[in-house]
Amino acid sequence: MSDLKSRVAYLQGLAAGLDLPEDDKQARLLHGIVEVLGEFAGNVEDLEEAQDNLEDYLESIDEDLYTLENRIYQDGGEDALADDYVEIECPECHSLVAVDSDLVDDGDLSDIQCPNCEAVIDLDTGADEVPSNDVV
């Protein structure tokens with residue numbers, strides 16, 4: 001960007017070298033244009049510096065994300081992580097609920113609560129467990 005600033009500085013020098021009278025309308029217009037160009041060049045330089053900082057920040061976030069993905073999926077990618085969970089469809093709202101497959105296989109859980117509609121899902125049948133109000 002220094003090229004733009006140096007070009008504007010060159011124009012400012014040319015305008016000053018014309019020795020135009022200060023009360024001349026064309027001279028005031030020319031000096032005003034060169035002054036605005038100088039401000040534009042300064043603002044563009046500030047924007048480029050801010051963009052460089054944002055690119056550096058984005059690159060560091062991308063590197064951190066890459067590191068986290070490697071730690072999470074180090075056992076073979078997303079498929080390995082997906083193997084650890086079983087998806088069960090809620091019979092009430094039909095959303096998929098992920099449950100740790102070890103808990104389901106061990107029989108430690110008999111039912112879970114759907115996080116979306118709060119219905120109780122029976123893991124043995126996958127059907128809603130509706131509280132019974134029947135009198136026996």
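These exercises walk through a predicted model of a protein.

**Exercise 1. Work out the overall layout of the protein.**

Step 1. Count the elements: there are four helices and four strands.
Step 2. Read along the sequence. The pattern is α-α-α-β-β-α-β-β.
Step 3. Turn to burial. Of the 136 residues, 13% are buried.
Step 4. Add the surface. The accessible surface comes to about 10800 Å², and 50% of it belongs to carbon and sulfur atoms.

**Exercise 2. Place Ser 95 and decide whether Ser 95 is buried or exposed.**

Step 1. Locate Ser 95. This residue is in the loop between strand S1 (85–89) and strand S2 (96–100).
Step 2. Apply the cut-off: buried means under 20% relative accessible area. Ser 95 has 16% relative accessibility, so Ser 95 counts as buried.
Step 3. List the residues Ser 95 touches, leaving out those up to four places away in sequence. They are Ile 88, Glu 89, Cys 90, Cys 114 and Asn 116.
Step 4. Look at the side chains. Those of Ser 95 and Asn 116 are joined by a polar contact of 2.7 Å.

**Exercise 3. Find the largest nonpolar core and examine Leu 123.**

Step 1. Name the members. The nine residues are Ile 88, Cys 90, Val 97, Val 99, Ile 112, Cys 114, Ala 119, Ile 121 and Leu 123.
Step 2. Check the contacts of Leu 123 beyond four places in sequence. Among them are Ile 88, Val 104 and Ile 112.

**Exercise 4. Decide whether Glu 118 is buried or exposed.**

Step 1. Find Glu 118 in the loop between strand S3 (111–113) and strand S4 (120–122).
Step 2. Exposed means over 50% relative accessible area. Glu 118 has 56%, so Glu 118 is exposed.
Step 3. Compare positions. Glu 118 and Cys 90 are 28 residues apart along the chain, and their C-alpha atoms are separated by 9.6 Å.

Note on methods:
Residues are numbered from 1 along each chain as its sequence is written. This is a predicted model: local features need pLDDT of at least 70, side-chain atom pairs count only at pLDDT 80 or more; totals for chains, interfaces and linings use all residues. Side-chain values use heavy atoms; hydrogens and water are left out. Helices (H or I, at least four residues) and strands (E, at least two) are DSSP runs, numbered from the N terminus. Buried means under 20% relative accessible area, exposed over 50%, partly exposed in between (1.4 Å probe, protein chains only). A polar contact is a pair of N or O atoms within 3.5 Å; within protein, one must be able to donate a hydrogen and the other to accept it, and residues adjacent in sequence count only if both atoms are side-chain atoms. Contact means heavy atoms within 4.5 Å. A nonpolar core is a set of buried Ala, Val, Leu, Ile, Met, Phe, Trp, Tyr and Cys residues joined through side-chain atoms within 4.5 Å. Accessible areas come from the Shrake-Rupley method with a 1.4 Å probe; for residues, only the protein chains shown count as cover.
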